[in-house]
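Reader: I've got a structure to go through and a few things I'd like to ask. Can we take it piece by piece?

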Amino acid sequence: MGEIVFSGLKEIASEQRLKDWFEYQSKAPKPLYYLLPSGKWFQSARSLQPGISFQTFDDLALLLLNNAERKFTSITDEDRVLLFYQILNPKNHILSEKELSQKAQAFADSYGQLKRLGLQVKETPEPLRELKESFYTYEKEYRDQQGLYDQENRIYKAVETPSDDFPLSHVVIDGFMDFSPIQYLFIEYLVKNSIPCTIYLPTLDTPLIHETVSTLRSLGLALTEKELPIQEEPCKRTTLTGATTMEEEIYGVLETIAEQKGSQPYSQFGLVLVNQQTYMPELERISAKRQIPLKLAKKKPLEETMVLPFIEQLLDKDEKLSKWEQLSVVDTVAKLCFLSGTEFNQLKETFIRTGQTGRDDIDEFIRTIKQFQVSLPEEETVSTYLNQVLHFLEGLPFPSIWRELMKGRTPAKLKQVALEWRALQFVKQVLNELSDSRVFAESKVPLAIFRTRVMQRLKSESLYLERKPTDVIEVYSLRDVPLFRGEHLFVLGLNEGEFPKQVQLNGYFQERYMEGSSSRFPLPLSDYFRKKDDAAFAQLKYMAEQLSFSFVEGMNPNQPLLPSKYLMEMPNLPAGYSTIAKFTSESYLNEEEYEEKAAYHVGIGKELRESPILLTEYRKNLDYLESGEERVSAKWVEKLLSYSISITRLENYARCSFAFGLEKLLNVQPPLERQRRIDPLETGNMLHRIIEKFYRQAIGQPFNNLHSFFAEKHEKTLAEIFENEWQKVVETHPEIRITSLHKEKEEWWKRLRRWLQAEKFRFWQNEQLTEMTIFRLEEPIRYEVELEDQTILTLTGKIDRIDIDEQGFVIYDYKSSKKELDFNHEVPNGLMLQIPLYLMALEEQFEQGRYQEHHNKQPIGGGYISIKEPHERKKNMVWKDKEQRLRFEPNSRVGTHVRDVDKKSLNNEFNLHGLVERLWRGTFTDFSVRPFNPNSCKYCSFKAICRVTKEQQDS
């Protein structure tokens, strides 16, 4: 009753064959089932011949089970994973929820693989014997007692049904080259029960076809022809082309099609993608850009909508304490409200600063989301969870918001709103379907598992956006390529490792476990898959008059990627697909492509007789950007001009004029970020306040009297001040963990204690400085510089500490980190002006009698005191002569600076007045990209928007 018929590849589900079977069915007392291997085959067959039931092996199994009135419920692979989770959960004592979920997935995959190999649980390979108990439990409790049938068990149970009242007149199987063990079991059932069936096999002289024929004949099917018929090969020409990248491979193929098309329809060309998952997104992008239509239903994955992230966040019960942890929800809700770009940024910034969005409706909705998350139980039945989620989704304010948005909006905005509306409705539809699933809905699971399973299902779904045009290029897989009816077929991605493809068994199964198996049917192991690939490639020469193969050979000619073994003997075309080949081609499809090619030729140094307007503008803009120049217009020069400036602003300008303009004048703020460490500016301010408060009452006290002045309680005094000031730092850093703040506090207290030790050693106990006193702390200073045009520029600043004695004065600037005085580079270029200008300014103040009780004090020296290394007295200090250096640093081997530090000497040596004027004029006329050196860019807040080049950094 069963027969094998050899068939040409182009005759698979052909119009004439389907017509013949339709006529057969019209005369038969019962309908027939026509089994095909894929959805593309179903689509083609149904359009050619309505009235025939085109189905799969699983559909046939369902028909037999229903016909036998078996009481069962069909379950999916996801349902099976959940059932194995239920089996494993009571035995789990050490695994986390995530690990247990992964183990359940592996057990479910292993069970499915066992069944697809045509094996029973008792035939489980010895290395997997520990799984048998769970497999038996699954079959007994869920399959047999509750009637829950997965795809494999539906076929196993179908072949157990009696065939007395078989509901079909005939079963036709077409388009297959081979069958899995479980499909062979089904075919054996048909033959044993004398059910009429016809199996069409392609006329291919390959080991796979011979093995399939042999296996089918062993089951009792008759072969209508003793030998394979000879099939004519229509292919007249084959080519092989290498490409530098996948993108260039696709570009090259589409370019070839565009050049060859002429007046032909696009349907004369076809594409075969060896790896559809990798190639398809790039193919869709490039074909849309080049305006070459593909026969693809335009779909939008549900996970690319904004609704899906919202659902995922909604089911995340983890407590989010900080505003940064809540920001993702705020971000998603704001996007779903379709705020404008400005509104969106303002809302997020307000939330980051205050913890509120500034919009009552959105704040209220976010509070509602939090309440819903809190209400979710840690463990509950799936149906309970689904009802909670669906109830919440029904009360969402989005539909009413979207209705308002759709009034008077642009078509593009309407399309976006409509898409999210459809996505929300689709999510509710899927959740309702899940609630109707008896096995899924009645299972009691932890929230994390429910969330994972629901999101897996939703992420696998897509929304259909629009219909495809009529004249298109069809995209095939190797399984459905016989559907091609054109003249030129392109096969992409034929790389070694991609085809033949690497395969492995599912779950815990490994090929070596099947060694010595006595299966009656061919097992889907690596050798068998090689035969499948051999047959899949062999069929291509019957598909079209011209075959064009391509692969990616990479960018390195010395170590190229290799083509598939099937192409090794085929000569490679010398002109491959590459960026150079693409841009040197003389043809172009549209204005955009013409401009791209023109830009390429300009980029390699060619001159164009006529340059596109847009390219000319681009070149002009690029030249401007590369120059780094940012000159200020005359209008703004007048507004920015000021004859008073702080010395630190001049230093900032010297470090980088572009960063200065962004920060000081345009007031560009760095991006708001989560507090992960204490702001160095805060600790620097704290440091200055602590030192000022510590020494405030000691101003005027000789150093040798400070011990008695503090009454031996100097460390206690410092500790009390530090405690008060540290509390201010803590209050300004609410997002940093208490443990981190405590650790940081300990470090700062250690530094301050080291500083106090250094102060006592360097000053209080120094016999050379017994009469020296602290004269001023945090002293404001002004210094007037006469400019070339005789106008006066006033410099301002603040000196951290001034010490004096009968020999003169010393200035100190406290730094939280190490800093040295660089008189060779940084002082002459304006990056280190504070110490020299403060010395000059203070000398002038003493000369002019500002401090009447101390007239005409001369500078001794000064420098930086690092809290990190407070004992350091090397290049961070400068003294006017060696004698003074020995007063402050008795160790003669310590190399501190010794040079003239009086006002006249400093100005003459470094031309400080001229340098100040040059920098000052730049602060209102020139904000060009001009960093002093690469270190100026290292920690810059404006890296993301700066166009500095390596050459500009090094210059």
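Reader: Let's start inside. Which helices each supply at least two residues of the lining of the largest cavity?

Author: Bear in mind that this is a predicted model. The lining includes Lys582 and Phe583, and also Glu592, Glu593, Glu596 and Lys597. Helix α22 covers 579-584 and helix α23 covers 591-603, so those residues fall within these two runs, given that helices are taken as DSSP runs. The helices you want are α22 and α23.

Reader: And which helix gives the most to that lining, and with how many residues?

Author: Besides the helix residues, Tyr251, Lys289 and Arg290 are among those that line the largest cavity. The top contribution comes from α23, and the count is four residues.

Reader: How much space lies in the largest cavity, and how many charged residues are in its lining?

Author: The search of the whole structure turned up three cavities of 30 Å³ or more. The largest holds about 100 Å³ of space. By class, its lining has two nonpolar residues and one polar residue, and the charged ones number seven.

Reader: On to helix packing. Are α7 and α8 roughly parallel or roughly antiparallel?

Author: The axes of α7 (residues 151-158) and α8 (residues 181-192) come within 10 Å, crossing at roughly 20 degrees. Angles under 35 degrees count as roughly parallel. That makes the α7 and α8 pair roughly parallel.

Reader: What is the handedness of that crossing, and which classes of residue make up the contact of α7 with α8?

Author: The crossing of α7 and α8 is left-handed. On the α7 side you'll find Glu152, Ile155, Tyr156 and Ala158, and they meet Ile182, Leu185, Phe186 and Tyr189 in α8. Sorted by class, the contact of α7 with α8 has no polar residues, one charged and seven nonpolar.

Reader: How are α5 and α6 set relative to each other: roughly parallel or roughly perpendicular?

Author: The axes of α5 (residues 97-116) and α6 (residues 132-144) come within 11 Å and cross at roughly 85 degrees. The range 65 to 115 counts as roughly perpendicular. Therefore α5 and α6 are roughly perpendicular.

Reader: Which residues of α6 make the contact with α5, and how many residues of the contact are charged?

Author: From α5 come Phe107, Ser110, Tyr111, Leu114 and Lys115, while α6 brings Ser134, Phe135, Tyr138, Glu139 and Arg143. Divided by class, the contact of α5 with α6 has five nonpolar residues, two polar and three charged.

Reader: What about α15 and α16: parallel or antiparallel?

Author: Helix α15 (residues 360-375) and helix α16 (residues 382-394) have axes that come within 11 Å and cross at roughly 170 degrees. Anything over 145 counts as roughly antiparallel. That makes α15, relative to α16, roughly antiparallel.

Reader: Last one, on backbone oddities. Where does Pro500 lie, and which residue does a cis peptide bond join to it?

Author: Pro500 lies in the loop between β16 (488-492) and α21 (526-538). Omega is about 0 degrees for the cis peptide bond there, and the residue joined to Pro500 is Phe499.

Conventions
Residues are numbered from 1 along each chain as its sequence is written. This is a predicted model: local features need pLDDT of at least 70, side-chain atom pairs count only at pLDDT 80 or more; totals for chains, interfaces and linings use all residues. Side-chain values use heavy atoms; hydrogens and water are left out. On a 1 Å grid over the protein atoms alone, a cavity is a set of points where a 1.4 Å probe fits but cannot get out, and a pocket is an open set with protein on both sides within 12 Å along at least five of seven lines; lining residues have an atom within 4 Å of a point. Grid points are joined across faces, edges and corners, and a volume is the space filled by probe spheres set on the points. Ala, Val, Leu, Ile, Met, Phe, Trp, Tyr, Cys and Pro count as nonpolar, Asp, Glu, Lys and Arg as charged, and the others, Gly among them, as polar. Axes are lines fitted to C-alpha atoms, for helices over the stretch in contact, and angles run from 0 to 180 degrees between N-to-C directions. A crossing is left-handed if the near helix is turned anticlockwise from the far one by less than a right angle, and right-handed if clockwise. Contact means heavy atoms within 4.5 Å.
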